[in-house]
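Visitor: I would like the terms used for this model explained, with the values behind them. Please show the structure before we start.

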Amino acid sequence: MAATELPTPTVGPVSKLAPKPMRFVLNWGRRYSLWVFNFGLACCAIEFIAASTSRHDFIRFGVIPFANGPRQADLMIVSGTVTDKMAPAVKRLYEQMPDPKYVISFGACSNTGGPYWDSYCVTNGVDQIIPVDVYVPGCPPRPEALLYGITKLQEKIAAEHLGDRYGAERA
């Protein structure tokens with residue numbers, strides 16, 4: 001049976017006319033209900049797990065730590081070294097996420113390749129494959145750094161206009 005192509009979701013031209021209070025409410029909902037898809041590739045993934053425990057408790061920020069898969073997630077956190085062999089999987093999972101979708105690059109390895117930047121098989125940053133909204137530095141970053149990155153992403157979501165995010169070609 002052939003796969004049916006679904007139309008690409010668009011932001012309608014009327015979205016530019018949406019009143020500011022309406023955009024505030026919609027952005028508030030997106031800001032405080034982020035379902036996370038963790039793409040842990042190395043040691044930084046352990047720090048992500050530490051951030052989701054009761055000691056650091058990022059659920060209090062409205063972040064639900066473990067989505068069932070990319071189709072139920074709003075936020076992808078890429079942590080660890082992205083190799084050239086793993087890069088297509090990262091891109092495929094990102095493309096499976098529904099719009100609007102956000103990405104946090106967590107750790108030096110996912111930001112720039114880290115200490116392995118000169119290796120023949122390492123992608124020098126996940127931003128070479130998918131767009132990144134927030135970078136969290138460190139090797140490995142502490143859980144508090146991830147919480148700070150999440151708050152920065154929430155500030156970005158609160159100020160965004162989806163028509164600007166997806167450009168005129170999708171409007």
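The exchange below goes through confidence, the sheet, a helix and some single residues.

Guide: This is a predicted model: local features need pLDDT of at least 70, side-chain atom pairs count only at pLDDT 80 or more, and totals for chains, interfaces and linings use all residues. Residues are numbered from 1 along each chain as its sequence is written, and side-chain values use heavy atoms, with hydrogens and water left out.

Visitor: What is the pLDDT average of the chain, and which elements score lowest and highest?

Guide: pLDDT is the predictor's confidence in each residue, from 0 to 100. The chain averages 79, and 80% of the residues score at least 70. Among the elements, helix H6 (residues 162-170) has the lowest mean, 56, and S5 the highest, 93. Helices (H or I, at least four residues) and strands (E, at least two) are DSSP runs, numbered from the N terminus. Where pLDDT is low, the predicted coordinates should not be read in detail.

Visitor: What makes S2 and S5 edge strands?

Guide: Two strands pair if DSSP finds at least two bridges between them. The open sheet has 5 strands in the order S2-S1-S3-S4-S5, with parallel pairing. Strand S2 (63-64) and S5 each have a single partner strand, so one side of each is left without a neighbour in the sheet. S4 and S5 pair over 3 bridges.

Visitor: Why are the buried residues of H2 said to be on the same side?

Guide: Buried means under 20% relative accessible area, exposed over 50%, and partly exposed in between (1.4 Å probe, protein chains only). In helix H2 (residues 44-51), Cys-44, Ala-45, Phe-48 and Ala-51 are buried. They cover an arc of only 110° around the axis, which puts them on the same side of H2; the arc is that of the directions from the helix axis to the C-beta atoms. These residues pack against strands S1 (34-40), S3 (75-79) and S4 (102-106) and helix H5 (143-159), where contact means heavy atoms within 4.5 Å.

Visitor: Why is Cys-43 called partly exposed, and Cys-139 exposed?

Guide: Cys-43, in the loop between S1 and H2, has 48% relative accessibility and therefore counts as partly exposed. Cys-139, in the loop between S5 and H5, has 56%, so Cys-139 counts as exposed.

Visitor: Why is Tyr-120 called exposed?

Guide: Tyr-120 lies in the loop between helix H4 (108-112) and strand S5 (134-136). Its relative accessibility is 78%, so Tyr-120 counts as exposed.
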